[in-house]
Amino acid sequence: MLTVSNLVKQYGKQKAVNDVSFHLDGGEVVGLLGPNGAGKSTTMKCIVGLLRKTAGEITIGGHDHLSVEAKRFFSYIPETPYVYDLLTVWEHMQFIAQAYGVKDWKGRANELLELYELDDKQKKLGRDLSKGMRQKVSICCALLPDPQLLFFDEPMIGLDPKAIKNTKEVFRNLKQAGKTILVSTHLIDSVEAIADRVMIMKDGRIIGNDSIDNLRAQAAQGGEGLSLEDLFLELTKDE
Ligand SMILES: Nc1ncnc2c1ncn2[C@@H]1O[C@H](COP(=O)(O)OP(=O)(O)OP(=O)(O)O)[C@@H](O)[C@H]1O
């Protein structure tokens, strides 16, 4: 579904992403973990075409990631939610439905807005939404076209506890429906239950890419019985 080969992204002289390669099979749910500045957001932005990569190849569903065919496969929830100031919440849903050619979208849009407690905010303009509400609108917009592949960059940031719980449930449902998900997060427990695999990034490189059980086994002595959080700290500690 997604293949990233030898991806490099340089900001000036700094290699924020340094020769990163990985593959996601259809239906896989993969957590992208790493300390601040590891290169997670830059990797995602390169994949979805928001940043121009310095080198490497990326294909989505067998198509070059910048092609229209590739863009039909995925939705992206950015770290900082972007909403249109002068569209209402409902108009955001309408806009996405039209842009992606989603048929019979109104029922689904209502379900999503209800799930994220935005149903009574339908007439509010984007510019009048709080940060958390923007994040919720961004998630609803991403889910409406029912894409095969979803990129979530820190989806839980700014969400209230109920929305975090709902989003975990959304992940479980997406996984059950066979969707492919790459989710970058610091809230390690939010992916522990559903991730088939985690990739751990540090200093622009992937330093671990395996199931949680296998990573545990690879971690320094005493890996057995480590929580994912301990494991993460063990793998990313400075030598
Ligand atoms: N626009 C930019 N210009 C210059 N350097 C940047 C830019 N964006 C990110 N960087 C640098 O690239 C590196 C990777 O940043 P990135 O945002 O991808 O990390 P991250 O793993 O997503 O971090 P966080 O968990 O803090 O969101 C960091 O050293 C950061 O300072």
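**Exercise 1. Find out whether the faces of strand β8 are covered or open, and name the residues on each side.**

Step 1. Sort the residues of β8 by side: T180, L182 and S184 lie on one, I181 and V183 on the other. This fits a general pattern: in a regular strand the side chains alternate between the two faces of the sheet.

Step 2. Check burial on each side. In this predicted model, a residue counts as buried if 20 or more other C-beta atoms lie within 10 Å of its own. T180, L182, S184, I181 and V183 are all buried, and both faces of β8 are covered.

Step 3. Put it as a count: 5 of the 5 residues of β8 are buried, making the strand mostly covered.

**Exercise 2. Work out which strands pair with β8, and in which sense.**

Step 1. Look at β7, residues 149–153. It is joined to β8 by 5 bridges, and the two run parallel. Within this pair, F152 stands opposite V183 of β8.

Step 2. Turn to β3, residues 29–33. Its pairing with β8 is parallel as well, over 4 bridges. Here V29 has I181 as its bridge partner in β8.

**Exercise 3. Place β8 in its whole sheet and identify the strands at the edges.**

Step 1. Write down the order: β6-β7-β8-β3-β9-β10, an open sheet of 6 strands with mixed pairing.

Step 2. Find the edges. β6 (74–77) and β10 (205–210) each have a single partner strand, so one side of each is left without a neighbour in the sheet.

Step 3. Add the twist, which averages 15 degrees from one strand to the next.

Step 4. Look for antiparallel pairing. Strand β9 (residues 197–202) and β10 run antiparallel and are joined by 5 bridges; M199 has N209 of β10 as its bridge partner.

Step 5. See which helices pack on this sheet. Helix α1 (residues 40–48) touches β3, β6, β7, β8 and β9, and its direction makes about 145 degrees with that of β7. Helix α9 (residues 228–236) touches β3, β9 and β10, at about 35 degrees to the direction of β9.

**Exercise 4. Describe the other sheet, β2-β1-β4-β5, in the way you described β8's sheet.**

Step 1. Note that these 4 strands form an open sheet with antiparallel pairing.

Step 2. Identify its edges: β2 (14–24) and β5 (63–64) each have a single partner strand, so one side of each lacks a neighbour in the sheet.

Step 3. Look inside the sheet. Strand β1 (residues 2–11) and strand β4 (residues 55–60) run antiparallel, joined by 5 bridges, and T3 stands opposite T59 in β4.

**Exercise 5. List the residues around the ligand and say which element gives the most.**

Step 1. Collect the residues: Y11, A16, G34, N36, G37, A38, G39, K40, S41 and T42.

Step 2. Sort them by class, which gives 3 nonpolar, 6 polar and 1 charged residues.

Step 3. Name the main contributor: α1 gives the most to this shell, with 3 residues.

**Exercise 6. Divide the protein into its domains and describe how they meet.**

Step 1. Take the bounds from the domain assignment: domain 1 covers 1–73 + 148–159 + 171–239, and domain 2 covers 81–146.

Step 2. Note the spacing: their centres, taken over C-alpha atoms, are 26 Å apart.

Step 3. Count the contact: 4 residues come from domain 1 and 5 residues from domain 2. The side of domain 1 that touches domain 2 has 3 nonpolar, 1 polar and no charged residues.

Notes: Residues numbered from 1 in each chain as written. Predicted model: local features only at pLDDT ≥ 70, side-chain atom pairs only at ≥ 80, totals over all residues. Domains from an automatic or database assignment. Contact = placed C-beta atoms within 7 Å. Nonpolar A, V, L, I, M, F, W, Y, C, P; charged D, E, K, R; others polar. Pairing = 2+ DSSP bridges. Axes fitted to C-alpha atoms, helices over the stretch in contact; angles between N-to-C directions. Near = placed C-beta within 6 Å. Buried ≥ 20, exposed ≤ 12 C-beta atoms within 10 Å, placed from the backbone.
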